[in-house]
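Colleague: I have a model open and I want to learn how to read it. Can we go through it step by step?

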Amino acid sequence: MTDPAYLRLGLPPTASPQTVLRAAVRALHPDTRAVRSFRTARKRFYLQMLCAHAVRQAAGDDPAS
């Protein structure tokens, strides 16, 4: 099962990890990105998005699903 937050990024499986990271950063509200105490949570979110993308690439999913 794919993470719903990852699906909202709307990226094709051919996207590079850097593109995934940029999309994940843009997905967060600017106020959320500005709070220093959320740094660990933000890093965990970014890592989860990268892992979900790697799983999708390994599974060979098509961009439409």
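Modeller: Let's start with one residue. Leu9 sits in helix 1. Keep in mind that this is a predicted model.

Colleague: Is Leu9 buried or exposed?

Modeller: Look at relative accessible area. Under 20% means buried. Leu9 has 14%, so Leu9 is buried.

Colleague: Which residues does Leu9 touch, beyond those up to four places away in sequence?

Modeller: Leu9 touches Val20, Ala23, Ala24, Ala27 and Met49. Distance along the chain and distance in space are separate readings. Take Leu9 and Pro30: they are 21 residues apart in sequence, and their C-alpha atoms are 16 Å apart in space.

Colleague: Now a residue from that helix with another reading. Is Arg8 buried or exposed?

Modeller: Arg8 is also found in helix 1. The cut-off for exposed is over 50%. Arg8 has a relative accessible area of 66%, so Arg8 is exposed. The C-alpha atoms of Arg8 and Ala23 are separated by 9.7 Å, with their positions 15 residues apart along the chain.

Colleague: What about values in between? Where is Thr2 found?

Modeller: Thr2 is in the segment before helix 1. Its relative accessibility is 32%, so Thr2 counts as partly exposed. Thr2 and Val35 are 33 residues apart along the chain, and 28 Å separates their C-alpha atoms.

Colleague: Let me zoom out. How many helices and strands does the protein have?

Modeller: The count is four helices and zero strands. In sequence order the pattern reads α-α-α-α. The C-alpha atoms fill a box of roughly 35 × 20 × 15 Å along the principal axes.

Colleague: What share of the protein's residues is buried?

Modeller: Buried residues make up 26% of the 65 residues. For contacts, look at sequence separation. Among contacts between residues at least 6 apart in sequence, 55% join residues at least 24 apart.

Colleague: Now a single helix. Which residues of helix 2 are buried?

Modeller: Helix 2 spans residues 17-27, and its buried residues are Val20, Ala23 and Ala24. To see whether such residues share a face, look down the axis. Here the buried residues of helix 2 fall within an arc of 100°, so they line one face of the helix.

Colleague: Which residues are exposed on the other side of helix 2?

Modeller: Arg22 and Arg26 are exposed there.

Colleague: And what covers the buried residues of helix 2?

Modeller: The cover includes helix 1, residues 4-9, and helix 4, residues 39-59.

Colleague: Helix 4 again. How do I read its packing with helix 2?

Modeller: Take the axes: their distance, their angle, then the handedness. The axes of helix 2 and helix 4 come within 9 Å and cross at roughly 135°. Over 145 degrees would count as roughly antiparallel. The two helices are therefore oblique to each other. Helix 2 passes helix 4 in a right-handed crossing.

Colleague: Which residues make the contact?

Modeller: Helix 2 supplies Pro17, Val20, Leu21, Ala24 and Val25. Helix 4 supplies Phe45, Tyr46, Met49, Leu50 and His53.

Colleague: His53 catches my eye. Is His53 buried or exposed?

Modeller: His53 belongs to helix 4. Its relative accessibility is 2%, so His53 counts as buried. Leaving aside neighbours within four places in sequence, His53 is in contact with Tyr6, Pro12, Pro13, Ala15 and Val20.

Colleague: Leu47 is a leucine. Is Leu47 buried or exposed?

Modeller: Check the number, not the residue type. Leu47 lies in helix 4. At 52% relative accessibility, Leu47 counts as exposed. From Leu47 to Ala34 is 18 Å in space, C-alpha to C-alpha, and 13 residues in sequence.

Colleague: Last topic, the core. Which residues of the largest nonpolar core touch the most other members?

Modeller: This core has 13 residues, and those touching the most other members are Leu9, Leu11, Val20, Ala24, Phe45 and Met49. Helix 1, helix 2 and helix 4 are the elements that give two or more residues to this core. Helix 4 gives the largest share, four residues.

Colleague: Which residues are in contact with Met49, leaving aside its neighbours within four places in sequence?

Modeller: Met49 is in contact with Asp3, Ala5, Tyr6, Leu9, Val20 and Ala24. That brings us back to Leu9, which touches Met49.

Definitions and conventions. Residues are numbered from 1 along each chain as its sequence is written. This is a predicted model: local features need pLDDT of at least 70, side-chain atom pairs count only at pLDDT 80 or more; totals for chains, interfaces and linings use all residues. Side-chain values use heavy atoms; hydrogens and water are left out. Buried means under 20% relative accessible area, exposed over 50%, partly exposed in between (1.4 Å probe, protein chains only). The arc is that of the directions from the helix axis to the C-beta atoms. Contact means heavy atoms within 4.5 Å. A nonpolar core is a set of buried Ala, Val, Leu, Ile, Met, Phe, Trp, Tyr and Cys residues joined through side-chain atoms within 4.5 Å. Axes are lines fitted to C-alpha atoms, for helices over the stretch in contact, and angles run from 0 to 180 degrees between N-to-C directions. Angles under 35 degrees count as roughly parallel, over 145 as roughly antiparallel, 65 to 115 as roughly perpendicular and the rest as oblique. A crossing is left-handed if the near helix is turned anticlockwise from the far one by less than a right angle, and right-handed if clockwise.
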